[in-house]
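Thank you all for coming; I would like to spend a few minutes walking through one protein model. Please have a look at it on the screen before I begin.

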Amino acid sequence: MTAKEILKDLVAINTIADRDNTSVMDYIENFFAPLGLTVERRKNNDTGKEILIARYGEEPAIGFLGHTDTVDITDGWTTDPFTLTEADGNLYGLGACDMKGGIAAFMAAIAETDLSTLSKGLAVYCTYDEEILFQGIKDLVETETAFPPHVLVAEPTDLIPMTGSKGLLEYIFTFTGVTTHSSTPIDGKSSNKNAVRFLNRMMDFEEELRKTPSPFFGVPYPTMNIGIIDGGTSINKVPDKTTVYLDFRICDSPREYPLIRAAVDQALEGLDGTYVIINDIPSFRNDSSLVCEYEALTGKEGQPFFGITEASFFEGDRIILGPGPMTAHQANEHICEADLERTTEIYQEMIKKLCGRQPF
């Protein structure tokens with residue numbers, strides 16, 4: 001089967017928020033098993049959703065990683081989101097870009113390779129819930145103790161080899177106070193005022209963080225975003241609880257993470273505040289020799305990915321590379337058919353380079 005034929009089948013499976021998780025994993029298993037890959041599926045006892053691991057041969061030298069879930073259908077679609085539609089050299093369908101196109105490309109690349117000629121094995125990892133909580137990749141890294149030395153994450157990148165991404169540190173802060181009428185406040189016991197004092201201190205700290213740039217990233221310094229502030233019920237009532245959501249995008253986790261933790265603890269002093277960390281995802285940058293190989297194959301210079309992908313959840317040599325254009329989460333989501341074909345060729349070339357009789 002060609003990558004386009006595989007993509008047509010994948011798009012037809014409704015995996016919005018992993019609705020047909022079992023069906024898509026059935027399809028992938030039934031595709032790989034006749035090729036001689038051993039397939040293992042692991043179910044999360046809480047969610048009931050599955051990840052899939054397929055392997056061929058011993059000592060896998062390369063692994064392919066893709067998430068099978070998609071976002072919901074946005075307004076403005078002019079084609080059937082679950083029917084792959086061809087027009088003007090593009091392939092339209094929900095998930096065609098993010099990221100069933102990449103999955104179809106590595107499935108086709110493996111099918112089009114004479115696996116019997118390989119001296120080293122390969123592996124495939126298919127996950128769920130990447131679009132919301134990253135639970136699928138969390139399930140994978142909890143149980144998969146040894147990834148191949150090189151992993152290719154098939155997210156859409158417009159065939160640009162993405163060689164790193166910022167880290168993510170997300171907090172939820174809770175400030176407590178004492179409820180009184182606004183005419184009789186108790187000094188230091190307004191949860192909203194304490195939240196504002198805290199945020200002022202943190203914004204001063206953010207300015208300090210910017211003084212040590214990281215030119216690798218498009219925004220070459222760490223950033224702090226105040227996502228949600230929720231406190232108070234009436235204009236004439238002193239609030240007793242305020243919730244603040246903060247996220248930090250971090251360039252250099254080993255250096256910046258302890259600075260942020262210390263700044264948070266210091267800024268909270270005397271303000272009746274507590275916090276929980278809901279996400280702690282490290283930054284990474286790949287400087288391996290394989291980056292040059294991808295740059296040569298694509299004719300494009302490596303650069304950092306703009307967001308967080310599943311590549312951030314495990315260590316080792318990894319590249320993010322998939323077909324484009326990048327139309328994820330848009331109405332009439334699509335990829336270029338020529339890009340899909342070229343992606344398949346690049347994946348197949350990397351299999352030969354890393355797993356062939358005379359590996360790179």
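I will go from the overall picture to the charges, then to some salt bridges, and finish with a surface patch.

Please keep in mind throughout that what you are looking at is a predicted model. The secondary structure comes to eight helices and 15 strands, and the C-alpha atoms fill a box of roughly 80 × 40 × 40 Å when it is taken along the principal axes. Of the 360 residues in the protein, 52% are buried. If we take the contacts with a separation of 6 or more, 78% of them are accounted for by residues that lie 24 or more positions apart. The accessible surface of the protein comes to about 15,900 Å², and carbon and sulfur atoms contribute 49% of that area.

Turning to the charges, the protein has 30 positive and 56 negative ones, and the mean positions of these two groups are 5 Å apart.

How many salt bridges does the structure hold? There are 17 of them, and I would like to pick out a few, beginning with those of Glu40. The side chain of Glu40 meets that of Arg42 in a salt bridge, at 2.8 Å from N to O. Is Arg42 buried or exposed? Arg42 counts as buried, because its relative accessibility is 18% and the cut-off for buried is under 20%. Glu40, by contrast, is partly exposed, with a relative accessible area of 32%.

Glu40 also forms a salt bridge with Arg55, where the closest N and O atoms are 3.8 Å apart. This pair links distant parts of the chain, since Glu40 sits in strand 1, residues 38-43, and Arg55 in strand 2, residues 50-56, with their positions 15 residues apart. Arg55 counts as partly exposed, at 25% relative accessibility.

Elsewhere, the side chains of Arg285 and Asp287 meet in a salt bridge at 3.3 Å, N to O, and Asp287 is exposed, with a relative accessible area of 61%. There is also a network, in which salt bridges that share partners join Asp26, Glu29, Arg41 and Glu50.

Finally, the surface patch. Which residues form the nonpolar patch on the surface? They are Ile228, Tyr245, Val276 and Ile278, and together they have about 330 Å² of accessible area. Within this group, Val276 has its place in strand 12, residues 273-281, and Val276 counts as partly exposed, at 47% relative accessibility.

Technical notes
Residues numbered from 1 in each chain as written. Predicted model: local features only at pLDDT ≥ 70, side-chain atom pairs only at ≥ 80, totals over all residues. Heavy atoms only, no water. Helix = DSSP H or I, 4+ residues; strand = E, 2+ residues; numbered from the N terminus. Buried < 20%, exposed > 50% of the residue type's maximum accessible area, 1.4 Å probe, protein only. Contact = heavy atoms within 4.5 Å. Areas by Shrake-Rupley, 256 points an atom, 1.4 Å probe, with all protein chains shown as cover. Lys, Arg positive; Asp, Glu negative; His and termini not counted. Charge placed at Lys NZ, Arg CZ, Asp CG, Glu CD. Patch = residues over 30% accessible without salt bridge, like charges linked within 9 Å, V, L, I, M, F, W, Y side chains within 5 Å. Salt bridge = Lys/Arg side-chain N within 4 Å of Asp/Glu carboxyl O.
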